[in-house]
Each structure stands twice: as structure tokens, then as C-alpha cells.
Amino acid sequence: MDPNSTFGNASALCASLTPIWDANTDTCSRAVASVHLAIDYAVDPTSGAATIVAAIASVGFTSFVLPVVDTLINQEFSVVWSMQNETQPPRRKSGNPGYQIGAPLLFGTYLSSPALAVAQFPYDPAAPLLGGGFSLPRDALDPDPSDAAGVPACIENFTSPTAAGRVAVTFGEDALAGCTLYLSRGDLGPDGCAGVRARAEAVLTAGGRVGGAVDRVGKFGNANSTVVGDWVPVIVQELGDKSALNEAPGICTSVLTALDLQFITANLGSALNPQPAIVAARVLKTYAPLRHRCLSPADCRPASAAASTAATLAPQRFRLRASVAFLDLSAVPAPAAAIAAAAAGLPAFAPQAFYPPAPAILPNLPDDLFYPFSLPLASAPAGARSWSALALVSVLQMLVAALVMGGVLGF
């Protein structure tokens, strides 16, 4: 198709590109395989009205032979909108509307003023591994040239364009990561515990983002920052004793040692076109003490002052752990449904139909319906007793008749 043509001329051109069937070779030519639209529009700064100024359609064709080719022919369709003279980068999406597997999670912070909204963290194309801020730590060499240790360890370069030392958290992909802190007995003393706690917190939470500033995650991949309902609150739970700040030589308590991100997802919308979404999110923060260990007798019982100084300065390794897990509620089949689907050759996680229980034949009657008939009849006149008995017999006959008719009619 001519890229300079308008839609009017394009429609006339497409009329001449009708599919061709060759009965001799069983070949279908000029079948549409893809249609991609690129639309440019401009916004009036005064009125805010949008106007389409240009449109380009790219159509791809293919040929296939029957019956060699499968009966299913994949086609691609897309629309890309571009605003002229746009000063801000377009808002990144991770799906439309459902999340795409492997796409970065959308996250932000809830705002109550001046209006209810979610301040979405910007996506930095120069640091794609950050995944928009949800990331896990890993061992890496510190890019700071002043650090001459030369061993992989936990580093704190969360704003680095290379995102070294971080593992991106992407939708639908479980991950287990961690990094190593090298701390000496002196670092774990009363003078250094505050710094150890702050460093472990910063490394695991990406500088306070995870479980801190980030308190919302996008429900869908195209969550709108101005619609609070498009965002799911992030629940933060703390395990262990965070308040026990007992500082003794060689021991630091209440240190963040593990961070677990948990997301519950489900397919929403039509069963024919399910859209993956996040329905719940939780961050588990585990606090535990770090203790200097006696790996050798010299570590805890030095023979001299020099040996004591060396043992105090010798670093030991302490591991920090982080994980992310996704639980898909749509992929939890009932045992009977899974067996039936496997016998029929269908996926075990296919959507299952729901059938409500059959209604009761007789309606639920009040408990005191027969209360008048249960009253003592000795004090009642003879005529009243006979009428009461007759009424009771009549009601019982009607109930029996209803049961018989229900069985005959198949209710």
C-alpha cells in the first residue's frame, strides 16, 4: 500500500488487491495477514479539541496452500496514536487492558489532595531493569571506584542507568534473588547497627520504594493515574520483632533480612477474551538479628590484642533474600473438572461453567405454621376441637397432593 495515500485512496487501492484463488495449486494469494494504523493528531491549546492530521495504514499480505496449512491463520492488528509537538513522553503501558506476560508492573503512590489520584512513577527507558521500581537485589560489583573490595555484594545504586545489582519484577514471572552483606564484628556493634539496618532496608526495598513509597500497583496494564479504581492497594505485613533494638557487641537485632512480594492475579472479562489483572498485592518484610559467628577460636578468643583487632575487622557474609510470586486464581481447576478436561483433550485450566443448585419443590414454611394445631384441645369446646382436626387433616392432604403432583410433573 502507498504510505502517502489517504484513507479514501487507500480504500480504492485495496479494492484491487482482492484475494486470488488458484484451483490448480490450491493456493490462496493476497490474504490479509496484518493491518497496522499510525495516526497523528494535534490538540488545540485553547479549546483542548483533538484533530487527526495524518493517518498511515500498513497492510501485510500472505499466501497459503490448502489443505497443507492449518485452518487457523494468525492475523495482527494494531493502532498507534502520536500527538504532534508533545512535550512529555507518553505514559507507558504494560498491556491493553490486561497485563502482558513479562511486562513491567505499573506502580504508584496514593494521593488524597488536591484530588484523589495515584502518582505513577515514571518509567525510565535508560533503566528498563528497574521495571518501574519493583525490583529485587542481586550480587554485583560496586561501580564506585573507591570500593576496592572487588567481590560481588549488595550495592545501593538504585538510580544508576545500568540498574546493576537489581532484578526486574515483571508480570507473571516468579523470581528468587538475594545479595550478600560483608559485615565485621565492629559493624555489628552498638555504633554500627543503625547503619546496618538502614543499608539492609535500602537494598531490599530499592531505596524505600517497595513496601514504602509504593503503596499501589496497577490493576490492569493500562491503569490510569487519575482513576483510583484502576489501582490495587499494596498490603504490607511485618514478620519478626522490629521494635527490639537490643544492641550488643557482635549482634544487631531487628534487621530486615527478607522481602517477599506476592501478587494474586485472575483473568477478568469475557471467557473468550480473558484479560490478566492483579486483584491483590502483599509485601512480607521479615526482621531477624544478625550475629557475628565464631568460625574459628581466634574470632571469639583472640590470643593477643593484635589478633583481637584483626578478628574485629574481619568481615563475615550475611545473606539477604528477596522473592516475587504470582498466584493465578484462574489457573486453579477443580479436581473433577481437570480430569474431565484431560479426558476430552482440553487444557486442564479451561474455564468451567457454573450451574446453580436446583430450587426446592416446596417453599420454606415458617416454623410456627402448625402452632394453632398444637394447642391443648381439652379446654376447647367439642365443636372447636372437630374443626381444628378437620383443618389439620385438610392441610396434610394438600401437602401430600402437592408432593404427588410434583413427582408426576418432574419438578
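Strand β13 (residues 251-268) is joined by 15 bridges to strand β14 (residues 275-291), and the two run antiparallel. Strands here are DSSP runs of E with at least two residues, helices are runs of H or I with at least four, and both are numbered from the N terminus. Two strands count as paired if DSSP finds at least two bridges between them. This is a predicted model, so local features need pLDDT of at least 70 and side-chain atom pairs count only at pLDDT 80 or more, while totals for chains, interfaces and linings use all residues. Residues are numbered from 1 along each chain as its sequence is written, and side-chain values use heavy atoms, with hydrogens and water left out.

To find the pairing on screen, start at C252, whose bridge partner in β14 is L290. Follow β13 to its end and you reach a hairpin: six residues sit between β13 and β14, and G269 in the turn has a positive phi of about 95 degrees. Strand β13 also has another partner, β15 (residues 316-328), which is joined to β13 by eight bridges and runs parallel to it. Here I264 stands opposite L327.

How many of the 18 residues of β13 are buried? The count is 13, so the strand is largely enclosed by the rest of the structure. Buried means under 20% relative accessible area, exposed means over 50%, and partly exposed lies in between (1.4 Å probe, protein chains only).

Now zoom in on D260, which has its place in β13. D260 is buried, with a relative accessible area of 10%. Leaving out residues up to four places away in sequence, D260 touches R282, V283, L284, R321 and S323; contact means heavy atoms within 4.5 Å. With S323 there is a polar contact between the side chains, at 2.5 Å. (That term covers a pair of N or O atoms within 3.5 Å; within protein, one must be able to donate a hydrogen and the other to accept it, and residues adjacent in sequence count only if both atoms are side-chain atoms.)

D260 also takes part in a salt bridge with R321. A salt bridge puts a side-chain nitrogen of Lys or Arg within 4 Å of a carboxyl oxygen of Asp or Glu, and by this rule the count comes to three:

| Salt bridge | N to O distance |
|---|---|
| R319 and D139 | 2.7 Å |
| E201 and K285 | 2.9 Å |
| R321 and D260 | 2.7 Å |

What does the R319 and D139 salt bridge tie together? R319 lies in β15 and D139 in the loop between β7 (135-137) and β8 (166-168), so the pair connects parts that are 180 residues apart in sequence. D139 is partly exposed, at 29% relative accessibility.

The salt bridge of E201 with K285 links helix α2 (residues 193-204), home of E201, to K285 in β14, 84 residues apart. E201 is partly exposed at 24%, whereas K285 is buried at 5%.

As for R321 and D260, this pair joins β15 to β13, with their positions 61 residues apart. R321 is partly exposed, at 35% relative accessibility.

Stepping back, the protein chain has six helices and 15 strands. Buried residues make up 28% of its 411 residues. Among its contacts with a separation of 6 or more, 71% come from residues 24 or more positions apart.
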